Amino acid sequence: MTTLIKDPLNLIITGVGGQGNVLASQLIGNVLVAKGYYVTIGETYGASQRGGPVMSHVRISERNQSAPLISEGKSDVILGLEPMETIRIIRSYGNPGIRVVVNSHPVHPLDVSMGNTTYPTWETIRSIITELSNTVNFLDATEIAMGLGAPILTNIVMVGALIAIEALPLKREDMLRILKETFSGQKFEINSRALRMGMEAVRNNQCTKSNIAV
């Protein structure tokens, strides 16, 4: 078991309903429990099951169970499945040391779809997230998942990206073991590809804070 850089180590996975927050948090939690850590997961939901805000608090410790919800300003890592939700969570739970991984693909809320309001430009979103983060990686996880023929794999692509930044004691081989326990046959194969492609997107340095012009 690798010694944590902070105990508890706090991860927030944020997005909207239907993006697979809960599955992502469960897979990560299962991996870490198997490695000997104490893991506490708390889920919060917005007004609607699909399309409303969803936030998963994942707290990791070597010593004991933690309270299920992370206090404001105390998240160490944010995995953002939706960019505007990522901004909302950084503003509440971020701090000068926060590490962030963001899916750049937006999910427009109903008000935007109906023309009642506008969604910010990508340049604005990118600038805000970069300003509020210590380190940040952007990738279009939804596009990667669509290339695999299954947009639902966005969450697994993002888990791969999380592994690649090495902010948590997660390894590809550990996650593959859990994926094999969760899925079988072709479902396992496509999930393992999604995981690998998420890791590669970050390791190829597609877009990080150090090379973004803001």
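**Entry 1: E166**

I started at E166, which is exposed, with a relative accessible area of 58%. This is a predicted model, so I read everything below as a prediction. Exposed here takes a relative accessible area over 50%, and E166 therefore qualifies with its 58%. I then looked up where E166 sits: the loop between α6 and α7 (172-182). I also checked the backbone of E166, and phi is near 60°, a positive value in a residue other than glycine.

**Entry 2: the sheet**

Next I went through the strands. I found six of them in an open sheet, in the order β2-β3-β1-β4-β5-β6, with mixed pairing. Which strands are at the edges? They are β2 (38-45) and β6 (135-139), and each of these pairs on one side only. I looked up the turn between neighbouring strands of this sheet too: it is 10° on average, direction ignored.

I took the pairings one by one. Strand β1 (residues 9-16) and strand β3 (residues 53-61) run antiparallel and are joined by eight bridges. As a marker I noted L11, whose bridge partner in β3 is V58. β4 and β5, on the other hand, pair in the parallel sense, over four bridges. My marker there is L79, which stands opposite V101 in β5.

How covered is β5? I have it as mostly covered, since four of its five residues are buried. The cut-off for buried is under 20% relative accessible area.

One side note on the start of the sheet: P8 lies in the segment before β1. I checked the peptide bond from D7 to P8, and it is cis, with omega near 0°.

**Entry 3: helices on the sheet**

I turned to what lies against the strands. α6 lies across β1, β4 (77-80), β5 (99-103) and β6. Its direction runs at about 150° to β5. 

Then I looked at α1 and α6 as a pair. The axes of helix α1 (residues 21-34) and helix α6 (residues 154-165) come within 9 Å and cross at roughly 40°. That angle makes α1 oblique to α6. The crossing in which α1 passes α6 is right-handed. Which residues make the contact? From α1 I listed L23, A24, L27 and I28, and from α6 N155, I156, V159 and L162. Sorted by class, this contact of α1 with α6 holds seven nonpolar residues, one polar residue and no charged residues.

**Entry 4: α7 and α8**

I did the same for α7 and helix α8 (residues 185-203). Their axes come within 10 Å and cross at roughly 155°. Angles over 145 degrees count as roughly antiparallel, and α7 and α8 are therefore roughly antiparallel to each other. α7 passes α8 in a right-handed crossing. On the α7 side, the contact is made by R172, M175, L176, L179 and K180. On the α8 side I wrote down F188, N191, S192, L195, R196 and M199. By class, the contact of α7 with α8 comes out as six nonpolar, two polar and three charged residues.

**Entry 5: S104**

Back to the end of β5. I looked up S104, which is in the loop between β5 and α3 (110-113). Is S104 buried or exposed? It is buried, with a relative accessible area of 18%. I also listed what S104 is in contact with, leaving aside neighbours within four places in sequence: P83, W122, L139 and D140.

**Entry 6: I128**

Last stop was I128, in helix α4 (residues 122-132). I128 is partly exposed, with a relative accessible area of 22%. Not counting residues up to four places away in sequence, I128 touches I87 and R91. I also checked a distance from I128 to A141, 13 residues apart along the chain: their C-alpha atoms are separated by 20 Å.

How values were computed:
Residues are numbered from 1 along each chain as its sequence is written. This is a predicted model: local features need pLDDT of at least 70, side-chain atom pairs count only at pLDDT 80 or more; totals for chains, interfaces and linings use all residues. Side-chain values use heavy atoms; hydrogens and water are left out. Axes are lines fitted to C-alpha atoms, for helices over the stretch in contact, and angles run from 0 to 180 degrees between N-to-C directions. Helices (H or I, at least four residues) and strands (E, at least two) are DSSP runs, numbered from the N terminus. Angles under 35 degrees count as roughly parallel, over 145 as roughly antiparallel, 65 to 115 as roughly perpendicular and the rest as oblique. A crossing is left-handed if the near helix is turned anticlockwise from the far one by less than a right angle, and right-handed if clockwise. Contact means heavy atoms within 4.5 Å. Ala, Val, Leu, Ile, Met, Phe, Trp, Tyr, Cys and Pro count as nonpolar, Asp, Glu, Lys and Arg as charged, and the others, Gly among them, as polar. Buried means under 20% relative accessible area, exposed over 50%, partly exposed in between (1.4 Å probe, protein chains only). Two strands pair if DSSP finds at least two bridges between them.
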